[in-house]
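Work through the exercises below with the model in view. Try each task before you read its solution.

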Amino acid sequence: MKTELHKIFETAEIENRGLTAREVAAVINSIPAEERMARTEILAAVNGENGAHSPETRDSIASTLKAMEMRAADAREDRARLDREAEVRTLAAKVGGLVVPGALEGSGDQEGAWRSLLPSAAEYRALVAEGTPGAGGFAVPTNVADRAVEFLRAQSVFMRVPGINLHRFTGGSFVLPSLTGTTNPAVVAEGATISEATATFAGLTFAPIKYADLYRASNEILEDAAFSLRDLIAGVMLRNIATLVDKDAFQGTGTASLSGLTKAGMGTAVNLSAGNTQVTWDHIIDAYSDIEAAGAAPAVIWASPDQAKGLRKARENGANGGYLAGQVTDPVASRGLGLPIYVSANIPTRTVIVADPTRIHVGVRSDVRLAMSQDYGFNQDTTGFRATYRIAGLAVDATAAVQVIKASAS
């Protein structure tokens with residue numbers, strides 16, 4: 001599948017959605033005219049009961065494209081076999097038309113009618129010992145699978161939370177006006193002068209920073225690799241950038257990185273006293289109440305793996321009793337207090353964050369861009385691959401809306 005189509009499907013999968021009308025058009029236009037069956041199947045899926053905007057339709061279209069590629073590969077193999085047969089016929093004619101017994105005209109041996117006394121590649125293999133390098137083993141290449149097993153794809157547990165404000169902008173920087181305070185109204189007597197109210201504004205400033213990744217590959221390996229090395233490189237770069245942005249969104253210091261939610265001043269820090277090495281549901285309920293008191297609405301719980309384990313294993317009576325999350329035969333708890341629980345190794349250890357995501361703002365200057373240059377390393381005959389992503393900081397408009405609970409180290 002082409003790199004552009006891979007990007008379309010990976011983006012839709014990350015965002016857990018189907019395909020837009022423009023993306024469907026791009027998929028259809030990429031299919032050769034002779035592949036009418038694939039076009040028909042894609043249009044049927046788009047116009048089906050799930051519609052174009054469902055993940056099920058997206059997966060169906062991806063399966064159709066894979067089947068189309070398999071049919072094209074089979075066709076190429078058939079053409080290659082016919083070419084080899086034609087070549088052998090030509091060679092046989094040059095050496096006097098010698099053929100194997102049973103392959104004479106009228107013998108009925110249609111399958112082997114084209115074969116001459118010149119052995120095929122498979123027959124050459126039978127004349128040597130594959131297991132002995134000097135007796136022919138060196139002539140047998142080592143097969144490599146036509147796909148590579150990539151590392152687990154990183155999922156951004158920060159960006160995928162519903163409600164986070166993504167502000168797209170142009171230019172060098174971006175200022176988001178923020179109302180920080182107003183005077184209070186008052187009871188006014190009949191005929192008395194009404195005091196004029198005042199409002200105080202501030203601005204949340206976003207200055208874009210760039211995340212980038214660069215790889216180089218020789219043109220020989222790009223041409224000879226058994227699998228699509230270009231797609232692998234693109235996927236690795238996208239994964240690496242997504243992982244780093246996700247990590248910085250939680251624990252970035254603001255120096256050559258985003259300012260993460262755990263940075264001082266981004267949210268309200270709640271440091272547990274000595275001996276409290278595990279954040280409990282009591283602590284989360286307190287944070288929930290503090291967010292409500294600030295006029296916000298808690299909607300997400302982020303937890304580091306070590307704290308998520310303890311929360312999910314919490315019992316009714318300390319070390320005894322049933323699990324608060326349910327029986328061990330039930331699905332692992334993915335919600336608590338009605339809020340979704342997201343677990344990520346990118347969150348600092350001993351940390352649980354309860355937040356109203358609508359009070360979190362992220363500036364996006366440009367989406368991830370992939371570029372390839374055959375001029376990069378021209379004197380070495382190499383191709384360069386580059387991925388860039390410009391994101392403009394992270395800000396919280398009410399620190400009380402983000403409660404960062406930190407368990408004690410001992």
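**Exercise 1. A positive patch**

Classify Arg390 by its relative accessibility, then place Arg390 in its strand and its patch.

Solution. Step 1: Arg390 has a relative accessibility of 30%, so Arg390 counts as partly exposed. The classes are buried (under 20% relative accessible area), exposed (over 50%) and partly exposed in between, with a 1.4 Å probe and protein chains only. The areas come from the Shrake-Rupley method. This is a predicted model: local features need pLDDT of at least 70, side-chain atom pairs count only at pLDDT 80 or more, and totals for chains, interfaces and linings use all residues. Residues are numbered from 1 along each chain as its sequence is written, and side-chain values use heavy atoms, with hydrogens and water left out.

Step 2: Arg390 sits in strand S13, residues 382–396. Strands (E, at least two residues) and helices (H or I, at least four) are DSSP runs, numbered from the N terminus.

Step 3: Lys7, Lys210, Arg369, Arg386 and Arg390 make up a positive surface patch. Patch residues have over 30% relative accessible area and no salt bridge; like charges are joined within 9 Å, nonpolar side chains (Val, Leu, Ile, Met, Phe, Trp, Tyr) within 5 Å. Lys and Arg count as positive, Asp and Glu as negative; His and chain ends are left out. Each charge is placed at NZ of Lys, CZ of Arg, CG of Asp or CD of Glu.

**Exercise 2. A negative patch**

Which residues form the negative surface patch, and in which helix is Asp224 found?

Solution. Step 1: the members are Glu220, Glu223, Asp224 and Asp381. Step 2: Asp224 belongs to helix H6, which covers residues 219–224. Step 3: Asp224 has a relative accessible area of 62%, so Asp224 is exposed.

**Exercise 3. Salt bridges**

How many salt bridges are there, and how accessible are residues of the pairs Glu23–Arg17, Asp59–Arg58 and Asp397–Arg359?

Solution. Step 1: the count is 4 salt bridges, each being a side-chain nitrogen of Lys or Arg within 4 Å of a carboxyl oxygen of Asp or Glu. Side chains of opposite charge can pair when their charged atoms come close.

Step 2: Glu23 and Arg17 have their closest N and O atoms 3.0 Å apart. Glu23 is buried, at 13% relative accessible area.

Step 3: Asp59 and Arg58 meet at 3.2 Å, N to O. Arg58 is buried at 7%, whereas Asp59 is partly exposed at 42%.

Step 4: in the salt bridge of Asp397 with Arg359, the closest N and O atoms are 2.8 Å apart. This pair links distant parts of the chain, 38 residues apart: Asp397 lies in the loop between S13 and S14, Arg359 in the loop between strand S11 (351–355) and strand S12 (360–373). Both are partly exposed, Asp397 at 29% and Arg359 at 23%.

Step 5: add Ala401, in the loop between S13 and strand S14 (402–406). Its C-alpha atom is 6.7 Å from that of Arg359, with their positions 42 residues apart along the chain. Ala401 is buried, with a relative accessible area of 1%.

**Exercise 4. The open sheet**

In what order do the 6 strands of the open sheet run, and why does one side of S5 and of S9 lack a neighbour in the sheet?

Solution. Step 1: the order is S5-S14-S11-S6-S10-S9, with mixed pairing. Step 2: strands S5 (268–271) and S9 (335–336) stand at the edges with a single partner strand each, so one side of each has no neighbour in the sheet. Step 3: strand S6 (residues 300–303) and strand S10 (residues 339–343) are parallel and share 3 bridges; two strands pair if DSSP finds at least two bridges between them. Ala303 has Val343 in S10 as its bridge partner.

**Exercise 5. A hairpin and positive phi angles**

Describe the hairpin of S7 and S8, then find non-glycine residues with positive phi.

Solution. Step 1: strands S7 (residues 315–317) and S8 (residues 320–323) run antiparallel, joined by 2 bridges. Arg315 pairs with Tyr323 of S8. Step 2: the hairpin has 2 residues between its strands, and Gly318 in the turn has a positive phi of about 65°.

Step 3: Ala256 has a positive phi of about 55° without being a glycine. Ala256 lies in the loop between H7 and S5 and is exposed at 82%. Step 4: Arg350, also not a glycine, has a positive phi of about 65°. Arg350 lies in the loop between S10 and S11 and is partly exposed at 26%.

Terms used:
Accessible areas come from the Shrake-Rupley method with a 1.4 Å probe; for residues, only the protein chains shown count as cover.
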